[in-house]
Amino acid sequence: MPRTETNGIRTYYERRGSGPPIVFVHGMFMNSTQWEPQVTALADRFTTITYDVRGHGRTGGSALEAYDFDLYADDLEALLEALEVERPILCGLSMGGCIAQVYAARHPDRISGLVLADTFAASPTPTSARMLFSNLRFIARLDRVVRYPTLNRVQLRVGDLLSPGISGDRERIQAVLEAGPTIPHREVLKIARAMAAFPNGDVDLSRIERPTLLLHGESLPSVMRDMHPRLAEQLTNAAVQTDVVPAAGHASNIDNPEFFTDRVRDFAETVLERDEPTT
């Protein structure tokens with residue numbers, strides 16, 4: 001179980017393969033095993049790095065009273081420095097996509113490319129999206145009575161009843177959620193509050209000049225799906241590709257891992273071709 005000191009915590013990480021680096025950042029309440037299909041396939045050509053975000057999985061929590069995305073980006077920066085990873089392609093999904101946005105906007109010269117999947121845009125935020133983020137605070141408080149793995153299972157089931165396909169591969173998603181150590185309630189609160197506050201943050205995506213791939217599941221709820229065109233509009237100085245992952249919901253890398261992985265591979269190869277020195 002490799003861990004390294006990063007920004008006052010010991011971060012759990014896994015590194016596989018060899019070649020140009022791709023760093024994967026998981027979603028809220030998930031853990032690094034979320035990326036197993038991708039790292040298994042891509043380690044033949046790339047160095048793949050996954051890690052458990054502060055408060056999650058084998059990294060666990062910290063004594064800080066509150067978290068925010070500047071902190072998460074600092075953690076990522078410290079991890080890359082500790083592992084001596086230079087100019088990776090950064091791939092984040094959902095909350096991980098928010099972390100990737102903040103890191104890339106703060107350090108645009110330290111990435112080779114960016115993949116944002118099933119993630120969110122910061123302000124200005126429509127009313128429907130604000131309600132979605134506000135609901136996170138309620139779920140976090142409810143966790144004191146009914147723990148988040150059970151709440152997640154119920155949410156996935158209800159989602160599919162209301163809109164078949166919206167929850168994707170429920171069993172595989174739930175298995176990933178439960179793969180790591182259970183997150184203590186105090187950490188659930190800090191994670192959810194940070195996520196709920198993200199739309200009010202100030203992320204200047206115009207600073208990102210590296211190629212960017214936007215992916216989302218075709219069954220993603222419209223309130224979340226609509227954020228991807230907004231991300232593309234804000235990435236004014238990046239070459240942006242967009243694609244829809246068929247037969248997938250919010251966790252598109254789990255719901256349709258073959259399609260998702262192929263798109264990341266194709267994107268990474270294109271980035272490498274652009275970065276090759278000319279003679």
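This is a short tour of a predicted model, stop by stop, from the sheet to the cores.

**The sheet**

Start by selecting the strands. Eight of them form an open sheet, ordered 1-2-4-3-5-6-7-8, with mixed pairing. Look at the edges next. Strand 1 (3–6) and strand 8 stand there with a single partner strand each, so one side of each has no neighbour in the sheet. From one strand to the next, the twist averages 25°.

**Strand 3 and its neighbours**

Select residues 21–25, which make up strand 3. Are its residues buried or exposed? Five of the five are buried. Show the side chains. Pro21, Val23 and Val25 point one way, while Ile22 and Phe24 point the other. Both sets are buried.

Add strand 4, residues 47–51. Strands 3 and 4 run parallel and share five bridges. Valine 23 stands opposite isoleucine 49 of strand 4. Now trace the chain between the two strands. The path leaves strand 3, passes through helix 1 (residues 36–42) and enters strand 4. This β-α-β crossover is right-handed.

Turn to strand 5, residues 89–93. Strand 5 is parallel to strand 3, and four bridges join the two. Here phenylalanine 24 faces cysteine 91 of strand 5.

**Threonine 48**

Stay in strand 4 and pick threonine 48. Its relative accessible area is 1%, so threonine 48 counts as buried. What does threonine 48 touch, beyond residues up to four places away in sequence? The contacts include Ile22 and Phe24, along with Glu14, Arg15 and Arg16. Val39, Leu42 and Ala43 are touched too.

**The strand 8 edge**

Move to strand 7, residues 212–217. Strand 7 pairs with strand 8 in the parallel sense, over six bridges. Leucine 215 has aspartate 243, in strand 8, as its bridge partner. Then show helix 9, residues 227–234. Helix 9 packs on the sheet and touches strands 6, 7 and 8. Its direction makes about 175° with that of strand 7.

Select valine 240, in strand 8 (residues 240–245). With 31% relative accessibility, valine 240 is classed as partly exposed. Leaving out residues up to four places away in sequence, valine 240 touches Thr212, Leu214, Ala232 and Leu235. For a distance check, pick glutamate 218 as well. The C-alpha atoms of valine 240 and glutamate 218 are 19 Å apart, with their positions 22 residues apart along the chain.

**The cores**

Which residues have the most contacts inside the largest nonpolar core? They are Phe29, Phe69, Tyr72, Ile99, Met195 and Phe198, in a core of 62 residues. Helix 3 (residues 95–106) gives the most to this core, with eight residues. In soluble globular proteins, nonpolar side chains tend to be buried together.

Zoom in on tyrosine 72. Not counting residues up to four places away in sequence, tyrosine 72 touches Val53, Arg54, Tyr67, Met95, Ile99, Ile191 and Ala194. Another core lies apart from the largest one. This other core has 21 residues, among them Val39, Ile89, Val115 and Val271.

**Helix 11**

Finish at helix 11, residues 257–275. How far apart are its end C-alpha atoms? They are 27 Å apart, which agrees with the 27 Å that 19 residues should span at 1.5 Å a residue. Colour the buried positions last. Among them are Pro257, Phe260, Thr261, Arg263, Val264 and Arg265. Phe267, Ala268, Val271 and Leu272 of helix 11 are buried too.

Conventions
Residues are numbered from 1 along each chain as its sequence is written. This is a predicted model: local features need pLDDT of at least 70, side-chain atom pairs count only at pLDDT 80 or more; totals for chains, interfaces and linings use all residues. Side-chain values use heavy atoms; hydrogens and water are left out. A nonpolar core is a set of buried Ala, Val, Leu, Ile, Met, Phe, Trp, Tyr and Cys residues joined through side-chain atoms within 4.5 Å. Buried means under 20% relative accessible area, exposed over 50%, partly exposed in between (1.4 Å probe, protein chains only). Contact means heavy atoms within 4.5 Å. Two strands pair if DSSP finds at least two bridges between them. A crossover is right-handed if, with the strands pointing away from the viewer, the path from the first strand over the helix to the second runs clockwise. The expected span of a helix is 1.5 Å times one less than its number of residues. Axes are lines fitted to C-alpha atoms, for helices over the stretch in contact, and angles run from 0 to 180 degrees between N-to-C directions.
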